[in-house]
Every structure is written in C-alpha cells, then in structure tokens.
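Reader: I'm new to this one, so please walk me through a single part of it slowly.

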Amino acid sequence: MNDHVERPRMPSGMQYEIRSGDQRAVATEVGATLRAYDVSDVAVLDGFSVGEFAPGGRGQVLAPWPNRLGGRYTYGGREGNAALDEPERGNAIHGLVRWLEWQALSHTESAVALGCRLHPQPGYPWQLELRVEYSLGEQGMTVTTEATNHSDSAAPFGVGFHPYLTVGTPSVDSTLLMIPAKQRLVADERMLPVGTAQLAGTEFDFADEHAIGSTRLDTDYTDLVPDADGRIAAVLSTPNRDREVTIWAEAGYRHLMVFTGDTLEPPVRRQSVAIEPMTCPPDAFRSGIDLIRLEPGESWRARWGITPLVRSS
C-alpha cells in the first residue's frame, strides 16, 4: 500500500505568502506572478483566486519584452521569430516567462525572491537569467528586478509588470486617476505604436487628477515627469480620497501602460485599472525604442512599487 498522497497542484503552482504589519501579499511559482496584495484585508491588487491561472495577465512579469511584439525581428545579426499568441492581431504578447516555473531563491516573512533562466529558443535566441523580489515594508511593496545576459553576444531586453489596482469603487468610471505624462503612443489596429501624440487638453490627459469617466484606456504613456525623488508616480483614488494607491517606478521604467479593462469579460470589465510599468514600448524589439542592450555577462537592475493609503474618516 502506498501511503504517499501527493497534494493537488494549484494552477499557478506553489504559493509564497509574505506579510508585514497589516500587509499581506502572495506571489506564485508560475510566472513569479503577484497574485494578491491587501492591507487590513482590503484588496489593493485586483488579483485572482488560488484555483485559477492568471486571467488577463493579472500580476504577471512581462519579459524579455513587455506588451506586444510583431513576431519576427532581427537584433545583432540574430533573427527571432516569436510565436503569435495573440493570433487575432498577429502579435506575440507579454514575453516568454509568464507561464514558466520560477524557483524560490529566498523566502522570509516579508520578502520572497524568485528566479528563472530563459534558454535560447526561436522567439529569443539568447540566454537570460531573471530575478524578481517582492518585499513589504513601511512604504508598501517594493519590486526589484534583475536581468543578466549569459549569452556570448549582446541581447535585447525589456521588462514590464501587469498589476490591476483597485480602490474599491464600483467601476473605474468614478475612480480618480493621475498619470504624470506629457505624451502617449498612437497605435494601429494591431495595437503596435505608429507615432506619438501630445496629451495636453485631450481625453487621455490625466496630468491633473480627475475621474476616468467613460474614457477607454489601453494606452502607453511616455515622456513621464519624475517627482522630487526622481521617480515616476501614478495615483488612483476614490472620489472622496479616503483610499489611494500610488504606483511608482525608478527611471529605468520609461513607460506606463494604462488599461481600463474594456475588453475583459464581465464581471471584471472596468472593475480595476492595470497600470503597467514598462522599460520600453510595445514592439521595441523591432523599433529599438528605449530597448535595453545587455552585453555578455552584463546585468540590469531597477525597482518599482505600490504604496497604498487608507485614510480614517
């Protein structure tokens, strides 16, 4: 008789919980995905249940490119041919690591670090090692990312993250939004950039905080304006400002993709706002815009984070 009973595997693999004070977050083995983040049992992240795999890219790590890529590209004399996993638009979307198993490198009460080695393949003929650490502290959550090129030639690299943020409003229509940007990218029917447009005075301009209303956003904001600490910081809040979430990023992140969830199925359609820090725009492997070049053996490192605030009445 075999007394060994294997525990059922969750769709997102092992669950790594971290805590600090009244904060709690959960990262997963699959994709190093940030599945949940709450403060005093109030959701900051509109995540997904332990019985699901990440729908709509929720909480995922987007590497070695964020957002969309038009399939075939050439870099440094090497050709990449990424599988078109957004077939209706003919794009490869959100990189190659979001469905891979990541290994736990360290796990303490308030922090977890996960690592993944991406081996050469048709979509990315370089070898890349990634490390993502989620940590909780007095200022909220900090996410530190490091990428190292283990190839014998320079490798293109970009990274993004896909958190859906919530302040508990019934829909995003009444949510107040502030994005410190001067320009947005204009996209074609495949959602690939074809140019830029100034934001001032348009419906996409959220430099001064106001309600999202009926505006539909699936928009790359760029020409970002740093704060006094040299970081970019976007803010969501309730109409009476009793709840607020700030998402910040260091200078390495030069784009914020903002998505109001209009293409998602009910009941999650327009229920939260994905604010995605990205180092480069969509299709950067083909355009070269803001693309990171990693020489053999070279590493890149940067941080972003989430600062929640609940004001007492």
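Reader: How many salt bridges does the count come to by this rule? And could you take a close look at them, then at whatever else helps me find my way around?

Author: Sure, but a quick word on ground rules. This is a predicted model, in which local features need pLDDT of at least 70, side-chain atom pairs count only at pLDDT 80 or more, and totals for chains, interfaces and linings use all residues. Residues are numbered from 1 along each chain as its sequence is written, and side-chain values use heavy atoms, with hydrogens and water left out.

Now the count: it comes to 19 salt bridges, where a salt bridge is a side-chain nitrogen of Lys or Arg within 4 Å of a carboxyl oxygen of Asp or Glu.

Let's begin with Glu-17 and Arg-19, a bridged pair whose closest N and O atoms are 2.9 Å apart. Glu-17 is partly exposed at 35% relative accessible area, and Arg-19 is partly exposed too, at 40%. (Buried is under 20% relative accessible area, exposed is over 50%, and partly exposed is in between, using a 1.4 Å probe and protein chains only.) This pair also belongs to a network of salt bridges linking Glu-17, Arg-19, Arg-24 and Asp-38.

Next, look at Arg-241 and Glu-209, whose side chains meet in a salt bridge at 2.5 Å, N to O. Arg-241 sits in the loop between β22 (232-237) and β23 (243-249), while Glu-209 sits in the loop between β19 (193-198) and β20 (210-211), so the pair ties together parts that are 32 residues apart in sequence. (Strands are DSSP runs of E, at least two residues, numbered from the N terminus.) Arg-241 is partly exposed at 38%, and Glu-209 is partly exposed at 27%.

Then there's Arg-270 with Asp-262, bridged with the closest N and O atoms 2.7 Å apart. Here Arg-270 counts as buried, at 12% relative accessibility, and Asp-262 counts as buried as well, at 10%.

Staying with loops, the one between β24 (255-259) and β25 (273-278) holds Pro-267, which is joined to Pro-266 by a cis peptide bond with omega of about 10°. Another cis bond joins Ala-63 and Pro-64, with omega of about 5°. Pro-64 is in the loop between β5 (61-62) and β6 (68-69), and that loop also has Asn-67. Asn-67 isn't a glycine, yet its phi is positive, about 65°, and it is buried with a relative accessible area of 2%.

His-94 has a positive phi of about 65° as well, and it isn't a glycine either. Find His-94 in the loop between β9 (92-93) and β10 (103-107); it counts as buried, at 7%.

His-94 also leads us to the largest pocket: Arg-68, Glu-86, Ile-93, His-94 and Thr-263 lie nearest the centre, among 22 lining residues. (On a 1 Å grid over the protein atoms alone, with a 1.4 Å probe, a pocket is an open set of points with protein on both sides within 12 Å along at least five of seven lines, and lining residues have an atom within 4 Å of a point.) About 460 Å³ of space lies in this pocket, a volume being the space filled by probe spheres set on the points. Its lining divides into eight nonpolar, six polar and eight charged residues. (Ala, Val, Leu, Ile, Met, Phe, Trp, Tyr, Cys and Pro count as nonpolar, Asp, Glu, Lys and Arg as charged, and the others, Gly among them, as polar.)

Conventions:
Helix = DSSP H or I, 4+ residues; strand = E, 2+ residues; numbered from the N terminus.
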